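Biologist: Please take a close look at one part of this model, namely its salt bridges. I would like a connected account of the partners, their surroundings and how exposed they are.

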Amino acid sequence: MGITQQIDDKLRTAFAPTHLEVVDDSESHRGHAGFQEGGESHFNVAIRAPAFAEMSRIQRHRAVHAAIGPDLIGRIHALALDISD
């Protein structure tokens, strides 16, 4: 299973989002730091979930990183997050 699917699965399990989009944006970073041939190094994630309603921006980012987990976070170079309730 690829990193994109793993991120998707972990976020769906943790937050039951009303909207989730995980985009592998690696190709647009070709030639930049962290680029890996074959992709799955740079991601854009848009997630909407009621679970974020009472959280600050920092708490939301920490919750997403915790849900994805340190092993998976360690395998990617960049993760752009758009998070709301």
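Modeller: In this predicted model, R12 is partly exposed, its relative accessible area being 40%. Its side chain meets that of D8 in a salt bridge, with an N to O distance of 2.7 Å. D8, by contrast, is buried at a relative accessible area of 13%, below the 20% limit that defines the term. Both residues belong to helix α1, and because they are four residues apart, about one helical turn separates them.

This pair is one of three salt bridges, and the other two can be taken in turn.

R48 and D82 form the next one, their closest N and O atoms lying 3.0 Å apart. R48 is in strand β2 and D82 in strand β3, so this bridge ties together parts that are 34 residues apart in sequence. Both partners are partly exposed: the relative accessibility of R48 is 23%, and that of D82 is 40%.

The remaining bridge joins the side chains of R60 and D85, at 3.6 Å from N to O. R60 comes from helix α2, whereas D85 sits in the segment after β3; the pair therefore links parts 25 residues apart in sequence. R60 is buried, with a relative accessible area of 14%.

The nonpolar interior gives these pairs their context. The largest nonpolar core has 19 residues, and among those with the most contacts inside it are I7, L11, F15, V45, I47, F52 and V64. The elements giving two or more residues to this core are α1 (3–15), β1 (19–24), β2 (42–48), α2 (57–68) and β3 (78–84). Helix α1, which carries D8 and R12, is thus one of these contributors, as are strands β2 and β3, which hold R48 and D82.

I47 shows how the core and a salt-bridge partner meet. Setting aside residues up to four places away in sequence, I47 touches L11, F15, P17, H19, L20, F52, D82, I83 and S84. D82, the partner of R48, therefore appears among the contacts of a residue that ranks with those having the most contacts inside the core, a contact here being heavy atoms within 4.5 Å.

A last detail concerns helix α1, where Q6 also lies. At 18% relative accessibility Q6 counts as buried. Outside the four places on either side of it in sequence, Q6 touches M1, L72 and R75.

Terms used
Residues are numbered from 1 along each chain as its sequence is written. This is a predicted model: local features need pLDDT of at least 70, side-chain atom pairs count only at pLDDT 80 or more; totals for chains, interfaces and linings use all residues. Side-chain values use heavy atoms; hydrogens and water are left out. A nonpolar core is a set of buried Ala, Val, Leu, Ile, Met, Phe, Trp, Tyr and Cys residues joined through side-chain atoms within 4.5 Å. Buried means under 20% relative accessible area, exposed over 50%, partly exposed in between (1.4 Å probe, protein chains only). A salt bridge is a side-chain nitrogen of Lys or Arg within 4 Å of a carboxyl oxygen of Asp or Glu.
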